[in-house]
Amino acid sequence: MVYTGFMSPEQPSPSEPQLVGGFACLDFCNTLSGWGGPGPRERAGDPAALAAWCAHAFGETPWIDREEWSRLIRLRAALHAVFDAIAVQAEPPAEAAFLLQQEVAEAAARRRLTVTAAGGAWQDPPPVDGSAVRHRLAMDALDLLLRGEPARLKRCAGHDCAWLFYDRSKNASRRWCLMADCGTTDKVRRFRQRQRSGA
Ligand SMILES: [Zn+2]
C-alpha cells in the first residue's frame with residue numbers, strides 16, 4: 001500500500017507493516033506502539049528499520065543516515081505529542097508545535113510550484129532520502145491539521161496500544177486501530193472480566 005494523500009485505510013497482508021492511520025504522519029507515529037505505556041514496541045529503531053517502513057509507506061526505499069534518522073525520530077515525537085493531544089481534546093505542547101512549524105517551513109521551501117495552462121500544482125521532491133521523507137511527513141501533518149476534522153482524530157482504545165488514526169467511518173464511531181486486532185483482544189478481555197466477576 002502506498003500513500004497518495006487523503007485516502008482510506010486498507011487491511012494489510014500479515015507480513016506488511018500495518019498502515020491503518022489514514023495519514024502517513026499518523027502511521028509514522030504508530031511505528032512506536034504503547035507510547036508512555038509499560039512496554040513500548042519500536043519498529044523504526046535504526047535507519048534500516050525506518051527505511052524499510054518508508055519503502056512500504058511510500059513505495060520508495062530512501063537513504064537515511066544516522067543524523068537524519070535522529071531528526072526523523074524527533075519529528076515523530078513532536079507529531080505524536082501534537083496529534084495525541086488533539087485526539088483527547090487537549091492543547092498540544094508548545095515545543096512540539098514549534099518543532100512542527102520549523103519542519104513545515106523547511107519542507108515548504110523545498111516544494112516546487114509548477115504552473116501550466118491547466119493551472120498550478122505543488123510538487124514535493126520524491127522521498128529518496130531522509131530529509132525528503134521528513135519534509136513529506138511534515139507536509140502530510142500540515143494537510144491533516146488544516147483539512148482534517150479534529151473530532152475524527154483518535155487514539156486506539158485497545159489496551160496498551162495508543163495507535164493514532166483518522167476515523168473516516170460515516171458516524172465517526174471507529175474505536176480501534178484494527179478491529180481484528182485490538183477490537184477482538186478487548187472484547188475477549190472484557191468477556192473474561194465479566195466471567196471472573198460473575199464467578
Ligand atoms: Zn490498537
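**Helix packing and the zinc site**

Helix 4 and helix 5 are roughly perpendicular to each other, since their axes, which come within 8 Å, cross at roughly 110° and an angle of 65 to 115 degrees counts as roughly perpendicular. In this predicted model, helix 4 comprises residues 94-110 and helix 5 comprises residues 130-147, and the crossing in which helix 4 passes helix 5 is left-handed. On the side of helix 4, the contact involves Leu100, Glu103, Val104, Glu106, Ala107, Ala108 and Arg110, and these residues meet Ser131, Arg134, His135, Ala138, Met139, Ala141, Leu142 and Leu145 of helix 5. By class, the residues of this contact of helix 4 with helix 5 divide into nine nonpolar, two polar and four charged.

Helix 3, formed by residues 66-87, also packs against helix 5, with axes that come within 10 Å and cross at roughly 10°; helix 3 is therefore roughly parallel to helix 5. The contact is made on the helix 3 side by Glu68, Arg71, Leu72, Leu75, Leu79, Val82, Phe83 and Ile86, and on the helix 5 side by Gly130, Ser131, Val133, Arg134, Leu137, Ala138, Ala141, Leu144 and Leu145. Twelve nonpolar, two polar and three charged residues make up the contact of helix 3 with helix 5.

The remaining pairing to be described is that of helix 3 with helix 4, which pack at an angle of about 125° with their axes 8 Å apart, an arrangement that makes helix 3 oblique to helix 4. Helix 3 passes helix 4 in a left-handed crossing. Here Arg71, Arg74, Leu75, Ala78, Leu79, Ala81 and Val82 of helix 3 are in contact with Ala96, Ala97, Leu99, Leu100, Glu103 and Glu106 of helix 4, and the residues involved comprise nine nonpolar, no polar and four charged. Several residues recur between these contacts: Leu100, Glu103 and Glu106 of helix 4 appear in the contact with helix 5 and also in that with helix 3, while Arg71, Leu75, Leu79 and Val82 of helix 3 take part in the contact with helix 5 as well as in that with helix 4.

A zinc ion is bound through the SG atoms of Cys156, Cys161, Cys177 and Cys182, which are its protein donors and lie 2.3 to 2.4 Å from it. The angles among the four donor atoms run from 103 to 116°, and the site is tetrahedral; for four tetrahedral donors the ideal angle is 109.5 degrees. Along the sequence, the donor residues of the zinc ion follow the spacing C-x4-C-x15-C-x4-C.

Methods. Residues are numbered from 1 along each chain as its sequence is written. This is a predicted model: local features need pLDDT of at least 70, side-chain atom pairs count only at pLDDT 80 or more; totals for chains, interfaces and linings use all residues. Side-chain values use heavy atoms; hydrogens and water are left out. Axes are lines fitted to C-alpha atoms, for helices over the stretch in contact, and angles run from 0 to 180 degrees between N-to-C directions. Helices (H or I, at least four residues) and strands (E, at least two) are DSSP runs, numbered from the N terminus. Angles under 35 degrees count as roughly parallel, over 145 as roughly antiparallel, 65 to 115 as roughly perpendicular and the rest as oblique. A crossing is left-handed if the near helix is turned anticlockwise from the far one by less than a right angle, and right-handed if clockwise. Contact means heavy atoms within 4.5 Å. Ala, Val, Leu, Ile, Met, Phe, Trp, Tyr, Cys and Pro count as nonpolar, Asp, Glu, Lys and Arg as charged, and the others, Gly among them, as polar. Donors are N, O and S atoms within 2.8 Å of the metal (3.2 Å for Na, K and Ca); water is not among the atoms, so sites may look incomplete. Four donors count as tetrahedral if all angles lie between 85 and 135 degrees; four count as square planar and six as octahedral if opposite donors are over 155 degrees apart and all others between 65 and 115; anything else is irregular.
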